[in-house]
Amino acid sequence: AFSALYQVTVSGTREAVQRAFYLPSSVSDARANAEQLVSDLEQSRFLNVSFALLQSEGQLSQELEDAARAIFRVKPRTVVFANRRAVVEDVNEWAVQVTGGRIRDYLAESDIDVNAELMLLNALHMRADWAQKFAMEQTVGQTFQFRNGPASVEMMSVALEVLYYAQPKFHAVQLPYSEESDLTMWILLPHRDGTFEELFELLSAELLDELETSVAPKMVDLWLPKFTIEDSHDARDVLKRMGHETLFDR
């Protein structure tokens with residue numbers, strides 16, 4: 001998004017955008033890099049990425065529209081941001097369509113700024129299958145111990161050989177995706193006498209390197225709850241704390 005904005009900002013804001021996002025000093029290089037990144041994502045066999053660009057009536061300059069079209073390959077859609085419900089319904093319908101139903105509640109009405117002039121959206125999802133799939137008939141209701149206490153979940157199970165690693169505080173398994181992919185998922189869990197807090201303190205790039213080099217094959221009966229990961233961050237607050245207040249001057 002900021003690569004597109006970088007094309008049309010005036011000198012002071014342009015320098016702030018460059019510093020905040022470590023963009024090349026050359027505007028054309030930044031644009032070429034962004035176009036290549038989007039192209040690489042679109043050609044991935046395992047990731048699917050889609051973009052949408054919403055604008056208020058007449059708010060998008062021709063220069064910015066041209067940059068957005070070139071980088072994100074989308075045509076801006078005009079909306080009335082004051083009509084939050086209509087915008088949310090439109091965006092969520094778009095998300096369902098481009099992700100095959102994997103993402104449904106992309107936006108809530110509280111996410112819409114009625115004074116917004118421009119909104120760039122992207123939806124990214126993975127298309128890889130497990131190397132060994134969990135059988136539907138082996139998914140049962142169970143109680144799972146979460147960090148904040150036990151809860152009823154749908155628990156999947158499978159017997160398989162995995163790469164396994166253990167320390168006094170936790171153990172870990174690596175679940176591979178299909179052979180066509182080089183993707184894997186690491187699952188780390190405290191031992192019965194360990195805590196999540198102790199595990200969180202151990203998480204680091206060095207630990208990941210240790211996992212990759214110290215694992216050993218092991219047959220396990222793996223039980224895994226079905227889960228969805230959701231998170232949100234306000235980039236404005238983060239960037240302001242980093243000293244980039246000028247990006248948000250009107």
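**View 1. R85 and its salt-bridge partner E109.** In this predicted model, R85 comes out as exposed, since its relative accessibility is 55% and the cut-off for that label is over 50%. E109 sits at 36%, so this one counts as partly exposed. The two side chains form a salt bridge, with 3.6 Å between the closest N and O atoms. That contact links distant parts of the chain: R85 belongs to helix α5, E109 to the loop between α5 (84-98) and β3, and they are 24 residues apart.

**View 2. R73 meets E42.** Here's another of the salt bridges, this time with the closest N and O atoms 3.5 Å apart. R73 is in the loop between α4 (62-72) and β2 (77-78), while E42 is in helix α3 (residues 27-43), so the pair ties together parts 31 residues apart in sequence. Both ends are partly exposed: R73 has 43% relative accessibility, and E42 has 39%.

**View 3. K169 meets E198.** The closest N and O atoms of this salt bridge are 3.3 Å apart. K169 comes from the loop between β5 (149-166) and β6 (170-176), E198 from helix α6 (residues 196-202), and 29 residues separate them. K169 is partly exposed at 38%, and E198 is partly exposed too, at 28%. The structure holds 7 salt bridges.

**View 4. Strand β3 and its two faces.** Side chains alternate along β3 (residues 118-126): M119, L121, A123 and H125 point to one face and are buried, whereas L118, L120, N122, L124 and M126 point to the other and aren't. Strand β1 (residues 47-55) pairs with β3 in the antiparallel sense, over 9 bridges. Look for A52, whose bridge partner in β3 is L121, one of the buried residues.

How values were computed: Residues numbered from 1 in each chain as written. Predicted model: local features only at pLDDT ≥ 70, side-chain atom pairs only at ≥ 80, totals over all residues. Heavy atoms only, no water. Buried < 20%, exposed > 50% of the residue type's maximum accessible area, 1.4 Å probe, protein only. Helix = DSSP H or I, 4+ residues; strand = E, 2+ residues; numbered from the N terminus. Pairing = 2+ DSSP bridges. Salt bridge = Lys/Arg side-chain N within 4 Å of Asp/Glu carboxyl O.
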